[in-house]
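Biologist: Mind if I quiz you on how the labels in this model get assigned? I'd like the cut-offs along with the answers.

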Amino acid sequence: MHQLFRLVLGQKDLSRAGDLFSLDDSEIEDSLTEALEQITIISSSSDYQTNNNDQAVVEICITRITTAIRETESIEKHAKALVGLWDSCLEHNLRPFGKDEDTPHAKIASDIMSCILQNYNRPPVMALAIPIAVKFLHRGNKEWGHGICRTTCLLPANYQADLLADHTEVIVKILEAS
């Protein structure tokens, strides 16, 4: 992992997190999977939901990682780690605290989903993402369910209907129930 990612994520150093944006995308591209794996560990810690510093470090790092993935067009290389982080969010509370306040894990899930959906026309990425999208649908949150169904499931249907075939019955049942 790049030395700066190692410092920022290893020490959860918010004061240096912004420095990640001074690095060239190609300079950090080989570090992105490992950084995503480290973020999964940090966001799975028992105090993450109440630790504002860790949340800020994770948010900044995810923004930097998703930007580098987009700019280097390396989504296939990092898709497994992205989807793994997205999936790990399901182990935590995703329901809003207040009227318009997302939980820390809902923010992560939203950022990762957005990165993945920018690549809906890439079958290897969607093959990993669609089963997780269906898990989110099962979660029962109407706002998440409808948004995920509309984007993660239906958008790629134009390009890879075969990827949805195994999940069609579940998707229809969930939509009918909501």
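Modeller: Sure, and let's start with an odd one: aspartate 13 is buried and has no salt bridge, its nearest side chain of opposite charge being arginine 16, 5.5 Å away. This is a predicted model, so local features need pLDDT of at least 70 and side-chain atom pairs count only at pLDDT 80 or more, while totals for chains, interfaces and linings use all residues. Residues are numbered from 1 along each chain as its sequence is written, and side-chain values use heavy atoms, with hydrogens and water left out.

Biologist: What makes arginine 16 fail as a salt-bridge partner for aspartate 13?

Modeller: A salt bridge is a side-chain nitrogen of Lys or Arg within 4 Å of a carboxyl oxygen of Asp or Glu. Arginine 16 is 5.5 Å away, so aspartate 13 has no salt bridge. On charge, Lys and Arg count as positive and Asp and Glu as negative; His and the chain ends are not counted.

Biologist: Where is aspartate 13 found, and what does it touch?

Modeller: Aspartate 13 is in the loop between helix H1 (3-11) and helix H2 (14-17). Helices are DSSP runs of H or I with at least four residues, strands are runs of E with at least two, and both are numbered from the N terminus. Leaving out residues up to four places away in sequence, aspartate 13 touches Leu7, Val8 and Val57, where contact means heavy atoms within 4.5 Å.

Biologist: Why is the pair of lysine 12 and aspartate 54 called a salt bridge?

Modeller: Their side chains meet at 3.7 Å, N to O, and because the limit is 4 Å, the pair qualifies. Lysine 12 sits in the loop between H1 and H2 and aspartate 54 in helix H5 (residues 52-72), so this pair links distant parts of the chain, 42 residues apart. The structure holds eight salt bridges.

Biologist: How do you know which of those two residues is buried and which is partly exposed?

Modeller: Buried means under 20% relative accessible area, exposed over 50%, and partly exposed in between (1.4 Å probe, protein chains only). Aspartate 54 is at 4%, so it counts as buried. Lysine 12 is at 30%, so it is partly exposed.

Biologist: What makes aspartate 30 exposed but lysine 77 partly exposed?

Modeller: Aspartate 30 has 62% relative accessibility, so it counts as exposed; lysine 77 has 47%, so it is partly exposed. The side chains of aspartate 30 and lysine 77 meet in a salt bridge at 2.7 Å, N to O. That pair also links distant parts of the chain, 47 residues apart: aspartate 30 in the loop between helix H3 (25-28) and helix H4 (32-43), lysine 77 in helix H6 (residues 75-88).

Biologist: Why are H4 and H5 called roughly antiparallel?

Modeller: H4 and H5 pack at about 155 degrees, with axes 11 Å apart. Axes are lines fitted to C-alpha atoms, for helices over the stretch in contact, and angles run from 0 to 180 degrees between N-to-C directions. Angles under 35 degrees count as roughly parallel, over 145 as roughly antiparallel, 65 to 115 as roughly perpendicular and the rest as oblique. H4 and H5 are therefore roughly antiparallel. Among the residues that meet are Leu36 and Ile39 in H4, and Cys61 and Ile65 in H5.

Biologist: How many helices and strands does the protein have?

Modeller: There are 11 helices and zero strands, and buried residues make up 46% of the 178 residues.
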